[in-house]
Amino acid sequence: MSTYDVAVIGSGPGGYVAAIRCAQLGMKTAIIEKYSTLGGTCLNVGCIPSKALLDSSHHYEHAVKHFADHGIEIPGEVKINLEKMIARKQAVVDQTTGGVDFLMKKNNIEVYEGVGAFKDATHIDIAKADGTTETIEAKNTIIATGSKPSTLPFIKIDKKRVITSTEALKLKEVPKHMVIIGGGVIGLELGQVYRRLGAEVSVVEYMDRIIPGMDKALSRELQKVLKKQGVKFYTSHKVTEVKATAKQVTVTADDKKGNPVQFKGDYCLVSVGRRPYTDGLNAEAAGVKINERGQVEVNDHLQTNVPNIYAIGDVVKGAMLAHKAEEEGVFVAETLAGQKPHIDYNLIPGVVYTWPEVAAVGKTEEELKEAGVAYKSGQFSFRALGRSRASADLDGFVKILADEKTDEVLGVHMIGARCADIIAEAVTAMEFRASAEDISRMSHAHPTFTEAVKEAALAATDNRPLHM
Ligand SMILES: Cc1cc2nc3c(=O)[nH]c(=O)nc-3n(C[C@H](O)[C@H](O)[C@H](O)COP(=O)(O)OP(=O)(O)OC[C@H]3O[C@@H](n4cnc5c(N)ncnc54)[C@H](O)[C@@H]3O)c2cc1C
């Protein structure tokens, strides 16, 4: 029987990064993945393919709507070849998952393909596709089994008409009318893809606003901009029934006043969140506690109730984000090596990759109000920047929230072009506990979108933006 210092179950961004860091720290490491490709949700059916389709559909939209403004004329009609677009997305995925294979080899990590199930706290059975089972021994195990799309109890996902994000990433036709249940990140990103490709898109959301976890100002602005792009929104609508025939889906919801409203479409994308995934893991054989939300229960060291078993990523509490899973993978590896790592969960940025992009880190205005923190706010619109005018990306703003007395930056919220990348500046500043004035005194290259961060910091410091 093969014996390891660490076995990692699941090869998503949490699991494969944990494995690499364990190997870097000199531990003999194995990784177990039930699918034939490594990389988990993120690389196969999550972050990477959704961004590939967002980019392709963005190019199409530019060609159809904006090239002419730039003096670029296309003779004839611009057409979509969806099959090719999806094939390109798959090529990007294959290249990226192949990169993880390479990293496993480079770091001498043993890869097992099969479903990992605990036999006891130090032994894992690996059920392989050929029907055989191999058992390995591991001094320590890291559970990184991730999550799966969740649904509502009365909705049957048939994967044809009533679909999850996984199917939405490989549709064979552009929907005529896609009804999206849930106005969160995944629904909005995929909704924008198909809207750009010509679908009518209706977003039905239970809460009174989209992207409910983010600062309210971002929800408002994103809804306004997406509405301009043709997405229809039905907030404060509670879905009560979803019925599908071979070609049509009918979604029934109660509106704000409790009156039933019907949406008829050819596809219904259910994007109401994701659930932690521990099916087939046989956690009880090792004595590992799963809580009532289905998450593997962990302490502040990401250690389960069984001392040699840890858990990370989507399968534990906290934001379901790839970079959060990665940080936790590194954290556990370094803990096992006897180090004292640290994660500041307040500084894990959240991003929506629609265009304009939405990004945030730290506290929202609502959270500061609720906590009774005295704060000041500075905001600057991208519209006022030369760079925005040059690329015709005028929507959005940067908002910086700083402590009223100390000027320490407490939260940064932005919507606009390239915000997914710009947010890194805010994370860096907050990691070093910068004040708004610190940011305002840093030189920001001109012309760039990042100048909005400097200007918002000037506005927050003492209300003296230079260009507004
Ligand atoms: C459409 C979509 C878009 C997304 N976009 C983003 C984004 O832009 N940015 C971002 O940060 N996050 C994004 N996410 C979320 C991100 O994908 C997850 O947060 C991330 O993948 C979690 O990583 P993980 O390692 O915890 O688990 P996962 O990536 O879910 O990986 C878990 C792996 O474990 C394997 N596994 C499970 N059980 C077993 C078992 N018993 N034996 C062996 N293997 C097992 C699974 O097959 C899977 O490969 C997106 C998600 C979706 C669905």
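The following questions and answers go through a predicted model of one protein, in which local features need pLDDT of at least 70, side-chain atom pairs count only at pLDDT 80 or more, and totals for chains, interfaces and linings use all residues. Residues are numbered from 1 along each chain as its sequence is written, and side-chain values use heavy atoms, with hydrogens and water left out.

User: What is the mean pLDDT of the protein, and which element has the lowest mean value?
Analyst: pLDDT is the predictor's confidence in each residue, from 0 to 100. The mean over the protein is 97, and 100% of its residues reach 70 or more. Elements are DSSP runs numbered from the N terminus, helices being H or I with at least four residues and strands E with at least two. Strand S17 (residues 309–311) has the highest mean, 99, and the lowest, 96, belongs to helix H14 (residues 451–462).

User: Which residues have the most contacts inside the largest nonpolar core?
Analyst: A nonpolar core is a set of buried Ala, Val, Leu, Ile, Met, Phe, Trp, Tyr and Cys residues joined through side-chain atoms within 4.5 Å. Buried here means under 20% relative accessible area, exposed over 50%, and partly exposed in between (1.4 Å probe, protein chains only). The largest core has 51 residues, and those with the most contacts inside it are Ile136 and Ile143. The element that gives the most to this core, with 7 residues, is helix H1 (residues 13–24).

User: Which residues does Ile136 touch, not counting residues up to four places away in sequence?
Analyst: Contact means heavy atoms within 4.5 Å. On that basis Ile136 touches Met1, Ser2, Tyr4, Ala7, Ala30, Ile32, Tyr112, Thr122, His123, Ile124 and Ile126.

User: Which parts of the chain does the salt bridge between Asp5 and Lys139 tie together?
Analyst: A salt bridge is a side-chain nitrogen of Lys or Arg within 4 Å of a carboxyl oxygen of Asp or Glu; the structure holds 19 of them. The side chains of Asp5 and Lys139 meet at 3.1 Å, N to O. Asp5 is partly exposed at 23% relative accessible area, and Lys139 is exposed at 54%. Because Asp5 lies in strand S1 (residues 3–9) and Lys139 in strand S6 (residues 133–143), the pair ties together parts 134 residues apart in sequence, namely S1 and S6.

User: How many residues apart in sequence are the parts tied together by Asp395 and Lys228?
Analyst: The side chains of Asp395 and Lys228 form a salt bridge of 3.1 Å, N to O. Asp395 lies in the loop between helix H11 (386–391) and strand S21 (397–403), and Lys228 in helix H7 (residues 216–228), so the parts tied together are 167 residues apart in sequence.

User: Is Arg275, which forms a salt bridge with Asp279, buried or partly exposed?
Analyst: The closest N and O atoms of Arg275 and Asp279 are 3.8 Å apart. Asp279 has a relative accessible area of 44% and is partly exposed. Arg275 has 34% relative accessibility, so Arg275 counts as partly exposed.

User: What is the area buried between domain 2 and domain 3?
Analyst: The assignment, which is automatic or from a database, gives domain 1 (3–148 + 275–343), domain 2 (162–272) and domain 3 (347–462). The centres of domain 2 and domain 3, taken over C-alpha atoms, are separated by 29 Å, and the contact takes 18 residues from domain 2 and 21 residues from domain 3. Between these two domains the count is 2 salt bridges. Buried area is the accessible area (1.4 Å probe) that two parts lose on being put together, summed over both; carbon and sulfur atoms give 65% of it here, and the total is about 1,400 Å².

User: Which residue does a cis peptide bond join to Trp355, and which residue follows His446 through a cis bond?
Analyst: The bond from Trp355 has omega of about 5 degrees and leads to Pro356, in the loop between strand S18 (350–352) and strand S19 (357–362). The bond from His446 has omega near -10 degrees, and its partner sits in the loop between helix H13 (436–440) and H14. The residues asked for are Pro356 and Pro447.

User: Is Leu302 buried or exposed?
Analyst: Leu302 has a positive phi of about 60 degrees although it is not a glycine. Leu302 is found in the loop between helix H8 (283–286) and S17. With a relative accessible area of 4%, Leu302 is buried.
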